[in-house]
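Hello,

Here is the structure I promised to pass on to you. Please open it alongside this message, as the notes below are meant to be read with the coordinates in view.

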Amino acid sequence: STINGLICDILQRFNRTAYVGYTATPFANIFIDQEAPEDLFPRDFIINLPAPTNYVGPEKVFAISTNPEDEKNVLPIVRIINDYHIFVPDRHKPSDKLPTYADIPNSLKTAIKAFILTCAVRIARGQEKKHNSMLIHVTRYRTWQNHIKELVEVLFRYYKAEIEANDTQFIESMRDLYLNDFIPTTLDVLNVKEELNDTIIVEHAWDEIQPLLWNAVQKIEVMSINGSSADALTYEDNKEKGISVIAIGGDKLSRGLTLEGLSISYFLRASKMYDTLMQMGRWFGYRPGYVDLCRLYTSNELNSWYQHIAIASHELRAEFDYMADLHETPDNFALKVRTHDGLLQITSICK
C-alpha cells in the first residue's frame, strides 16, 4: 500500500531504525512478502496483547466457542434482520431507484426506538452528559446515504412528536420493546457482570425510564457523514454536555473515525475481506455502563461471516502465543490463517 511504501522510505533514510506496528487485524501483516527488498513483515516478533475483560471484542459479540462454559461470556446484543431488501437491495447501484418512506423496514424503526430508549436509560444511570451515537451503515453510495438521512430524519421527528405528545399507542410500543428486549438483555448481561467489572449496569423499571424519553429525544440529531454532506460530528466541541446523533454513512464511518458512545448499529454493508469487515465493526470497543444497551442489527449472512472471522482471529492469536512459547520468530514460524469456503478473502491481494 501507499502508506507502507512511505514508511519503508522513511526507514531507508537512517542507519539504525526500529519499527513497531500495532493492529487489531493482523491478517495482512503476516502475508507480506518476506523476500521483497523493502517490506514491513514482522520478522522479529509478534506479541499478542490480551484484551481487558471489559473490552467488547468479537469473542464477546459473536458466539465462537463450542464449549458451553464459554457461552455465558457472550453478550446477547446481535439482532438478525431480514426485512431490508426492498429498502436497500444487496446489490444496488447509485443510479437505482431510491427507497421511499414507505420502504423503511420495521427493523430500522425498531433500531431507532432502541436508540431513544438507550439514551433514556443512560440518563437514568447518570450518563446524561455522555455522547450517544447510532450507526446506520447500509450503502457505500453518498446519494443513497444522503437520501436515507432525509427518510430517517422524517421518521425520527415523528417519533419525537409522539413522545412529546405522550401518545398512548406509541408509548406502549416503546414499553413493549423495553420490557421484551431491554430488560431480558440487561439481566443476561448482569450474569457476566463480574467479568465486565461494570457496577453501573442495573435493571431499571419502565416507570423510571418513560419520563426520561422526552429528555432523550431533545438532544438527538440525524446526520449524514460523508464528503458531500455539510453535517459534522461535534464530539470535541460538546464534551461538557454530550451530543446524541444518528450517523448515516459509509466509508468515512467505517475506518478511522470513532463514534463516541456508540450503542445501536444498523449494519448491512458487506465486504469480502476479513480485515475490512473487522475494521467496519465499529461496535467493538469499551462500553462502560451501557454494554447491555448495545445492539447490532445485521443480516444472518453477515453475522455468520463475523463468526467465522472471529474464529480465524482467535486461532491466529493462539498461533502467536504458541510461537512465543517456543521462543520462535515469525521469520521461522509457519503462521497460518483459517480460510473460508465461500466468498470471503483473508485480505486484499494488493496488500
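Below is what I found, going from the sheet to a helix and then to three individual residues. Please keep in mind that this is a predicted model.

**The sheet**

Six strands form an open sheet in the order S2-S8-S6-S3-S5-S4, and their pairing is parallel. S2 and S4 are the edge strands, each pairing on one side only. On average, neighbouring strands of this sheet are turned by 15° against each other, direction ignored.

S8 (residues 295-298) is a good place to start looking. Which of its residues are buried on each side? Arg295 and Tyr297 are buried on one side, Leu296 and Thr298 are buried on the other, and both faces of the strand are covered. That fits a general pattern: side chains in a regular strand alternate between the two faces of the sheet.

S8 has two partners you can trace by their bridges. With S2 (residues 78-80) the pairing is parallel and runs over three bridges. Arg79 has Tyr297 as its bridge partner, while Ile80 is matched with Thr298. With S6 (residues 262-267), S8 also runs parallel, and here four bridges join the strands. If you want a residue to centre the view on, Ser265 stands opposite Leu296.

**Helix H6**

H6 lies across S3, S4 and S5, and runs at about 170° to S4. The helix has 23 residues and spans 32 Å from its first C-alpha to its last, close to the 33 Å expected at 1.5 Å a residue.

Its buried residues include Trp144, Ile148, Leu151, Val152, Leu155, Phe156, Tyr159 and Ile163. Some polar or charged names are on the buried list too, among them Gln145, His147, Lys149 and Glu162. In an α-helix there are 3.6 residues a turn, so residues three or four places apart point the same way. The buried residues of H6 pack against the helices H5 (106-124), H7 and H10 (213-219), and against the strands S3 (132-137), S4 (220-225) and S5 (244-249).

**Two residues with positive phi**

H6 is followed by Asn166, whose phi is positive, near 55°. Asn166 sits in the loop between H6 (142-164) and H7 (168-190). Is this residue buried, exposed or partly exposed? Asn166 is partly exposed, because its relative accessible area of 48% falls between the cut-offs of 20% and 50%.

His327 is not a glycine either, yet has a positive phi of about 60°. You will find His327 in the segment after helix H13 (300-325). With a relative accessible area of 72%, His327 is over the 50% cut-off and therefore counts as exposed.

**A buried histidine**

His204 is the last residue on my list, in the loop between helix H8 (193-196) and helix H9 (206-209). Its relative accessible area is 5%, under the 20% cut-off, so His204 counts as buried.

What does its side chain make a polar contact with? One partner is the side chain of Arg125, at 3.1 Å. Another polar contact, of 3.2 Å, joins the side chains of His204 and Glu208. Setting aside neighbours within four places in sequence, His204 is in contact with Val121, Ala124, Arg125, Tyr178, Ile183 and Ile209.

Do write back with any questions once you have had a look around.

Best wishes

Methods: Residues numbered from 1 in each chain as written. Predicted model: local features only at pLDDT ≥ 70, side-chain atom pairs only at ≥ 80, totals over all residues. Heavy atoms only, no water. Buried < 20%, exposed > 50% of the residue type's maximum accessible area, 1.4 Å probe, protein only. Polar contact = N/O pair within 3.5 Å; in protein donor to acceptor, adjacent residues only side chain to side chain. Contact = heavy atoms within 4.5 Å. Expected span 1.5 Å × (residues − 1). Pairing = 2+ DSSP bridges. Axes fitted to C-alpha atoms, helices over the stretch in contact; angles between N-to-C directions.
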